[in-house]
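User: I'm new to reading protein structures. Could you take a close look at how the helices pack in this one and talk me through it?

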Amino acid sequence: MSLHPTLQPYADAWTHSVEAISEMVQPLVEGEWNRRTPCPGWSVRDIVSHVIGLDCEMLGDPRPIHSLPRDLFHVTTEHQRYMEMQVDVRRHHTAPEMTAELEYTVIRRNRQLRNEARDPGTKVRGPLGKDITLEQAYRARAFDVWVHEQDLRAALGRPGNLDSPGAYVTRDVLLEALPKVVAHDADAPRSSAIVFDVHGPVEFLRTVRVDIQGRGTVETAPALGPAATLSLDWETYVRLACGRVSPEAVADRVKTEGDQDLAAAILRHFAVTP
């Protein structure tokens, strides 16, 4: 049985990234699992635990019953508490336990994907018990696993896969968030246009237009006389949008033209992942 055509690209992207993660962490010695990653508060072990935990939830496994310690300073929201549960419960697992559970979870998920017969619009349980469609769930997993693959690559000094299938899913997810960033969070002027010129392994030029009502939309057509233009490379775009780095830390990698105050406001609000 083949997956619904809508779901297949997300399944392919997830598979590509999770296999890359598995290959990267397989040879790690115990100490390397404790390396810090760009993901705030999380080590290599924590990221792999998160990947395992969310894929177990996709499989319908019950969530662990576990009390979080009170000294986790990076955990401040309900969403972060939810995500931390699957991570903290594995914090004392050894390297062999981690790789074995990851391998077993990937085998189970691959079997689930092979047998997936549900419609993309089927409602399933998402994070925090919120109902989402199966398509949204698949897309979220493809996005999440690719971003965490990049976190691990940064921590382990193994750059790569910036243009893999997951990168294009990530591009689309992040572009969907741009209108809110520009029109609402950065409060761009009405009837204005802001251009994003991204180069590197994934290239795109997008215009966010803000209409007279203050609503933003993303267009592929370039704007004549935009209020501001932001030019940056794809890796920096991802790191900023996923909250892995501050605008100040990558100021030399972002070129801004036009209204500098507006460009600065956009960059301040650029992080869109919870």
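**How the helices pack**

Analyst: Let's start with one pair: α1 crosses α4 in a left-handed way. Keep in mind that this is a predicted model. Helix α1 covers residues 8–25 and helix α4 covers residues 95–114, and their axes sit 11 Å apart at an angle of about 160 degrees. Angles over 145 degrees count as roughly antiparallel, so α1 and α4 are roughly antiparallel to each other. On the α1 side, the residues touching include Ala-11, Trp-14, Val-18 and Ile-21, while α4 brings in Leu-102, Val-106 and Arg-109, among others. Sorted by class, this contact has 8 nonpolar, 4 polar and 1 charged residues.

Now for another pair. Helix α5 (residues 134–156) and helix α6 (residues 165–185) have axes that come within 9 Å and cross at roughly 110 degrees. That makes α5 and α6 roughly perpendicular to each other. Among the residues making the contact are Phe-143 and Trp-146 of α5, along with Val-169, Val-173 and Leu-174 of α6. The split for α5 with α6 is 8 nonpolar, 2 polar and 3 charged residues.

Next comes the core. The largest nonpolar core has 80 residues, and Tyr-138, Phe-196, Trp-234, Tyr-237, Ile-266 and Phe-270 have the most contacts inside it. Helix α5 turns up again here, giving the largest share of this core with 11 residues. For a feel of one core residue, take Phe-196: leaving out residues up to four places away in sequence, its contacts include Leu-178, Phe-204, Leu-230, Ile-266 and Phe-270.

Technical notes. Residues numbered from 1 in each chain as written. Predicted model: local features only at pLDDT ≥ 70, side-chain atom pairs only at ≥ 80, totals over all residues. Heavy atoms only, no water. Axes fitted to C-alpha atoms, helices over the stretch in contact; angles between N-to-C directions. Helix = DSSP H or I, 4+ residues; strand = E, 2+ residues; numbered from the N terminus. Parallel < 35°, antiparallel > 145°, perpendicular 65-115°, else oblique. Contact = heavy atoms within 4.5 Å. Nonpolar A, V, L, I, M, F, W, Y, C, P; charged D, E, K, R; others polar. Core = buried A, V, L, I, M, F, W, Y, C linked by side-chain atoms within 4.5 Å. Buried < 20%, exposed > 50% of the residue type's maximum accessible area, 1.4 Å probe, protein only. Left-handed = near helix turned anticlockwise from the far one by under 90°.
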